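Me: I'd like to go through this model with you and ask what stands behind each label. Could you set the values against the definitions as we go?

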Amino acid sequence: MVIPTVKFNNNRDFPVLGCGTYEAGKPGEVAAVVKDAIDVGFRHIDGAMFYENEAEIGEAIRAKIAEGVVKREDLFITSKLWNIFHRPDLVVPTCKKTLSDLGLEYVDLYLIHWPFAVKEGGVLNPFDGDGKLIPSDVDYVDTWKAMEDCFKLGLAKSIGLSNFNSQQIQRILDVATIKPVVNQVECHPYLNQSKLIEFCKQRGIVITAFCPLGSPGVLAGPDSPSPLKDPKILEIANKHKKTVAQTILRYLIQHGVVPIPKSSHKKRLEENFNVFDFKLTPEEVAAIDSLNRNIRICPYVEATKHKDYPFNIEF
């Protein structure tokens, strides 16, 4: 089955469902997960330098191309620029390093992972004595100008943002000569991002949802509320003879959001993929909308003192 796509503002196609790769397995296991995902039918693979598994993802991609399962142009590969590489002179070399690790000539989408820059150097998360990130004075607007160079050089077919709030997106739009196509954010029924989705929709920016199922895994604490256990969503799922996870993914897709669930189990990958043979009614969508609690599983508390911390405003 071919996954449906949405159009970016640059007219490129974006598969409406992807496979996330953050903590997608222990070192040595990620390649197998990505191979399984491609075998199941996923063509959109979401990665990042910070996940420290791009070499394995590239290994899986190249293996599936060699087997004739897919061609490179069938795949949509995303990566992200990490916070210690925001300085403009570091952006293009960092993108090239990702391409080297992946063994690819280009990525389909390259994002600024977070809107805040931190101290440059070899440590991915440089902390001070109080456990807070050590900031860099680089402005993400200047980083964006270097992201545009990645596009102009053909290293990335599209460029975008991740974890940016509405004010930060507008600052980028005010200077951009190449418009961001995506803002990737945490989005699930307990943080439905309705205002940010509408803001981005009006500006031709697609929302990608990480933690679309509420991150039952590594990011969630033991007391984190889980949409996967919500009785209202379970009731709706039962009506459609679908799982709660499938119902949540369908809900996001119907809002024009592109979810990127991750799983290291092939059966779950198959389940996550199987969301195109049913549709929620407007009443069911509204019922799930009403569950919003503005609960954030990934608040990045170590960055709360940073001047560019994105979650200090409403959306």
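Reply: Happy to. Let's start with a pairing: strand 4 (residues 44–46) and strand 5 run parallel and are joined by 3 bridges. One ground rule on the model: it is predicted, local features need pLDDT of at least 70, side-chain atom pairs count only at pLDDT 80 or more, and totals for chains, interfaces and linings use all residues. Residues are numbered from 1 along each chain as its sequence is written, and side-chain values use heavy atoms, with hydrogens and water left out.

Me: What makes strand 4 and strand 5 a pair?

Reply: Two strands pair if DSSP finds at least two bridges between them. Here there are 3 bridges, so the definition is met. In this pairing His44 stands opposite Phe76 in strand 5. Strands themselves are DSSP runs (E, at least two residues), helices are runs of H or I with at least four, and both are numbered from the N terminus.

Me: Which way does the chain cross from strand 4 to strand 5, and through what?

Reply: The chain passes through helix 2 (residues 54–66), and this β-α-β crossover is right-handed. That word applies if, with the strands pointing away from the viewer, the path from the first strand over the helix to the second runs clockwise. On the other side, strand 5 and strand 6 (residues 109–112) run parallel with 4 bridges, and Thr78 stands opposite Leu109. The crossover from strand 5 through helix 3 (residues 88–102) to strand 6 is right-handed.

Me: Why is strand 5 called largely enclosed?

Reply: Buried means under 20% relative accessible area, exposed means over 50%, and partly exposed lies in between (1.4 Å probe, protein chains only). In strand 5 (residues 76–81), 6 of the 6 residues are buried, so the rest of the structure largely encloses it. Both faces are involved: Phe76, Thr78 and Lys80 point one way and Ile77, Ser79 and Leu81 the other, and all are buried.

Me: What is the order of the strands in the open sheet, and which strands stand at its edges?

Reply: The open sheet of 8 strands has the order 3-4-5-6-7-8-9-10, with parallel pairing. Strand 3 (19–20) and strand 10 (258–259) each have a single partner strand, so one side of each has no neighbour in the sheet. Further in, strand 7 and strand 8 (residues 182–186) pair in the parallel sense over 2 bridges, with Leu161 opposite Asn183.

Me: How do you know that Phe42 and Phe273 are edge-to-face?

Reply: The structure holds 14 aromatic pairs. For Phe42 and Phe273, the ring centres are 5.3 Å apart and the planes are at 65°, so the pair is edge-to-face. The rule takes rings of Phe, Tyr and Trp (its six-membered ring) with centres within 6.5 Å; planes under 30 degrees apart are stacked, over 60 edge-to-face and the rest tilted. Phe42 lies in the loop between helix 1 (30–40) and strand 4, and Phe273 in helix 9 (residues 266–273), so the pair ties together parts 231 residues apart in sequence. Phe42 is buried at 0% relative accessibility, and Phe273 is buried at 8%.

Me: What makes Tyr309 and Phe311 edge-to-face?

Reply: Their ring centres are 5.4 Å apart with planes at 75°, so this pair is edge-to-face. Tyr309, with a relative accessible area of 8%, is buried. Both residues belong to one aromatic cluster with Trp114, Phe116 and Tyr300.

Me: What puts the charged end of Arg203 over the ring of Phe199?

Reply: The test asks for NZ of Lys or CZ of Arg within 6 Å of the ring centre and within 35 degrees of the ring normal. The charged end of Arg203 sits over the Phe199 ring, 3.6 Å from its centre. Likewise, the charged end of Arg293 sits over the ring of Tyr190, 4.0 Å from its centre.

Me: How do you know that the span of helix 4 agrees with what it should be?

Reply: The expected span is 1.5 Å times one less than the number of residues. For the 13 residues of helix 4 (residues 140–152) that gives 18 Å, and the end C-alpha atoms are 18 Å apart, which agrees. Its buried residues include Tyr140, Trp144 and Met147.

Me: Why is Asn11 called exposed?

Reply: At 53% relative accessibility, Asn11 counts as exposed. Asn11 sits in the loop between strand 1 (5–7) and strand 2 (13–15), and its phi is near 75°, a positive value in a residue other than glycine.
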